Structures are given as C-alpha cells and as structure tokens.
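Me: I would like a close look at one part of this model, with the surroundings brought in where they help. Please take your time over it and keep the reasoning connected.

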Protein chains: 2
Amino acid sequence: MPRSRTAYHHGNLRQALLEAALELTRAGGPAALVVREMTARAGVSPNAAYRHFADRDALLAAVVEQVQARMAEQMAAPARPAPDDPDAAVAGLRAVGLGYIEFALREPGWFEVAFATPRLAGAGDLGRPAGSLPPPLRRLVEALDDLVAAGLLHPDRRPGAEWPCWSAVHGFALLALQGPLREVPAEERRAAAARTVDAVVRGLLQQ
Amino acid sequence: MPRSRTAYHHGNLRQALLEAALELTRAGGPAALVVREMTARAGVSPNAAYRHFADRDALLAAVVEQVQARMAEQMAAPARPAPDDPDAAVAGLRAVGLGYIEFALREPGWFEVAFATPRLAGAGDLGRPAGSLPPPLRRLVEALDDLVAAGLLHPDRRPGAEWPCWSAVHGFALLALQGPLREVPAEERRAAAARTVDAVVRGLLQQ
DNA sequence: CCGGATATGTTGACAGCGTACACATCGGGT
DNA sequence: ACCCGATGTGTACGCTGTCAACATATCCGG
C-alpha cells in the first residue's frame, strides 16, 4: 500500500531499490550493482539508498538473499522419492545437480551474485539445523539423505558427501560461464554437464 | 640491460610494472590491480603504464599469462607413467587434480587472476595443438591420455573427459577460497579435496 | 659529430564511483 | 497544534581509469 505518493517520501523505497538492484545484477552480475544507477531507476537521489542500507556491501548482501531464494525456486524440485526407491533417489540427486547448472546458465548474472559474499552465510556448518541452510544447499542435503535412505550410500560415507557434488556442478557452471566451456557448442556442453554430474554421482556411490 | 638509469627513462618499465602487478594481485586478486598503485611501486607516474599496455584490461591479460605459467610450474609434475602401468596412470591424474587445488589454496589471489579474463585464450578447442594449450590444462590432457594408454579409459570415452575433472577441482577450489568450504577446518578440507578428486576419477573410469 | 624523428615519461584534467555531512521535508504521536 | 524522528536532497571529497598536451631521452641518417 503506497499511500501518499507525495513525491518526497517514496512509500517503500527499500523494496524498489532491491528490485532495481535485481534488474541490474541480472544483466551484469555483482559488478553491475551501481548505487547511482540503482537509485536513478527508483527515481531518487543516490544518497537515499543509505537510509536503507549501510553501504554497498550491505545492499549486495540483501540482493544475495533474494537471488538465493529465486535460485531455490527455479531449481527443479521433483517430489522426494519413497525411501525404498533407489532409482528415484539417484535420479533426484542428478536433478539437483543439473538444476544447479541450468540455473547458472540461464541466469549468469544472478548466479555470480549468489556467491558474491565474503562468507556464504551459514553454509559452513552443514550441521543439523537443516532449515537454516541456504535454500539451494538444502535441496542437495535432502537428496543425499534420500540416497542413504535408499541404501545406496553407507551412512559412514554420508558426512561431507556434499562437497564432491557441489564442487563438480559449481566448477562446471563457472567453466561454462567464465571459462573455456563457453566456447564449446551448446549441444556438446549439455552432454558435458550430464557426464560431469554422472561421473561424480557414480564415483560417490562406489567409494 | 638497463643502461643509463637517467631517472627519466626507466630501462625496462614493462617488466617492472608486471612485477609490481604480480605482487599486488598475489595479495588481493584481480581487484587489487590498481594502476596508480602499481606505477607508484615502479617509481613512475600513473600514465606511464599506457606506453606499455593499452588499458587496464590489456595489463590484466599480461598478468594472467604470467600467472598461468607460474601455476604450471608449481603444479606437481611427476614423471609420466609407463604406458603399461595402470596404477601410475591413475595416480598421475590424481596428482594433477590435487596439484590444481593446492595451488589455488596456496596462492588464492593468483588463482583468481588465472581466470580473470573474458576468454581463457585458446582453451575452448581442446583440439590437436596440444603445445598451444594453457600449461595447466596441458597437464590434465596428458594425464588423461596416459589413462587411455594404460587401458583404463576407453578411447571412445576420451573426448571431453577433461570437463568432469576440471569441473570438480575448479569448483572445489572456489568453494574453498570464496565459498562455504573456507569455514571448515583445514584437516577436514584436505579430506574433502581427496574425496572429490577420488570420486570424479572413479566415476570417470566406470562410465 | 650533429640534428631531427621517435620512443618514453610527466602534468593536468575529466567523468564516474562510493559515501560523509549538513539541510529539507514529510508523517505520526503527545 | 506542535514537534520530533524518519526519510530524501544537495554538496563535496577522495578514489579510480584514462585522455590530451607537453617534456625529455635515445636512436639513426646526414
């Protein structure tokens, strides 16, 4: 409810600024988050932003949060498999990995933003409070738990299983966005993505 | 031969600038490459740099080249295995992967620099001119070829085998440098690195 | 041996960036 | 009815990369 648009007080500028910031970073990543441009799009003077964010870093952190949420939404979310369906468990893990890569390729700017923070808040301890993890990571944790439930991954091997998976898809995404994989044709790239996910999943199951 | 140090003409400024740039980026990555600071360290005015580099991007490209060379030097280079030694071939591939990760952790700034280029020159076509590939990549190509020679990887599976390997170690390095893996203790991190390399190698061999 | 051409370094300036400080204006509680 | 805190504006500062004009050292042909 933006009540009196008195032309001086905006209503809820914070929201408007965040939307402008999302628009900017979508096209150009974190580097495209320029305070003056963002405030101009909101029809406001540059310094107005400082009533809502301490500095550019704080602003970026807020954008990161928004982007991570969208990322989780857009990552394919198939129904979790029944505990006794091994094939579905493996398929679920694969889907999480490919979803990660797909998001990165579809929204390069936002993907870069999602990691543009000194410390990815609360992802270091993969510990118990599963609900407090960044949403994309929670998907991965669940898929691995399902793998254990299906009897495909020994519980002893469960701790730390996130890292190989995350490493593979994260690395692939970056090679495809900023690295040499950008120059290979889309078809071949898609095959490479599938093979990468496949290799790490297979390797994980047999360790 | 820096002959007359007449205090106006430097001798070979280009080299001095590159060394200053390496020093700066070593500590702070590409973002720390500040023209004014670099020229100051060389004892010269800011604009002097423009006699040797078109602009900051060209300068960065030159630094990238230097860093990639150092990276190749520092990546463990064990003797290539005999064509009939499967264990040695696998060990070789593992060493390349772990060397990549080790370099990234030992020289975070330089590692970031190594990828701070719009297009990683000539890495897109993993094609024939093996000598023209960036040095770190060549190591990987050789290790995979050795795997084929040892009969562990079917020649049909050889093309594109670089991507899963590179993805895994690259992703791991970034998660460890800028991502959540930074917060986990070094011991655990080392184990995760080994497991990641292991998983992808194992997965690759069984595809 | 000398004198202009050329390479190389300096000076000064400009636009764009994040942001600190002082001031203007609006909305809500006493 | 008033005033006070929240919110937006204007001005300014230091930092960045980079351009244009100028100064100086080196080299090459007469």
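Which residues touch the most other members of the largest nonpolar core?

Reply: In this predicted model, the residues that touch the most other members of the largest nonpolar core, a set of 105 residues, are V200(A) and V200(B). In soluble globular proteins, nonpolar side chains tend to be buried together.

Looking outward from V200(A), and leaving aside its neighbours within four places in sequence, one finds contacts with P164(A), C165(A) and A168(A) in chain A, and with A168(B), A199(B), V200(B) and G203(B) in chain B. These contacts lead on to the interface between the chains, where 34 residues of chain B are in contact with 34 residues of chain A. On the side of chain B that touches chain A, the elements that give two or more residues are α7 (162-177) and α8 (186-205) of chain B, and α7(B) gives the most, with 11 residues. By class, that side of chain B has 18 nonpolar, 11 polar and 5 charged residues.

The arrangement of the two copies can be stated precisely: a rotation of 180° with 0.0 Å of shift along its axis superposes chain B on chain A, with an RMSD of 0.1 Å. That is the relation of a two-fold axis, and the same surface serves both copies, since 100% of the contact residues of chain B recur in chain A.

Another buried position, this time followed within chain A, is A104(A), which lies in helix α4 (residues 86-106) of that chain. A104(A) counts as buried because 22 other C-beta atoms lie within 10 Å, where the cut-off for burial is 20 or more. Not counting residues up to four places away in sequence, A104(A) touches F111(A), A173(A) and L177(A). For the last of these, the C-alpha atoms of A104(A) and L177(A) are separated by 7.8 Å, although the two residues are 73 residues apart along the chain.

For the DNA, the surface near strand C is made up of 21 residues, and the closest are V35(A), D55(A), R56(A), H10(B) and S45(B). The largest share of that surface, 3 residues, comes from helix α2 (residues 35-41) of chain A, and its residues divide into 8 nonpolar, 8 polar and 5 charged. An unreviewed UniProt entry places a "DNA-binding region" at residues 34-53 of chain A; in the model this span is 35% helix and 0% strand, and its end C-alpha atoms lie 14 Å apart.

Note on methods: Residues are numbered from 1 along each chain as its sequence is written. Chains are lettered from A and ligands numbered from 1 in the order in which they are written. This is a predicted model: local features need pLDDT of at least 70, side-chain atom pairs count only at pLDDT 80 or more; totals for chains, interfaces and linings use all residues. UniProt positions are given in the numbering used here, feature names are shortened, and annotations may be inferred rather than shown by experiment. Helices (H or I, at least four residues) and strands (E, at least two) are DSSP runs, numbered from the N terminus. A residue is near a molecule or strand if its C-beta atom, placed from the backbone, lies within 6 Å of it. Ala, Val, Leu, Ile, Met, Phe, Trp, Tyr, Cys and Pro count as nonpolar, Asp, Glu, Lys and Arg as charged, and the others, Gly among them, as polar. A nonpolar core is a set of buried Ala, Val, Leu, Ile, Met, Phe, Trp, Tyr and Cys residues joined through C-beta atoms within 7 Å. A residue is buried if 20 or more other C-beta atoms lie within 10 Å of its own, exposed if 12 or fewer, and partly exposed in between; C-beta atoms are placed from the backbone. Two residues are in contact if their C-beta atoms, placed from the backbone, lie within 7 Å. Copies are superposed by least squares on the C-alpha atoms of residues with pLDDT of at least 70 in both.
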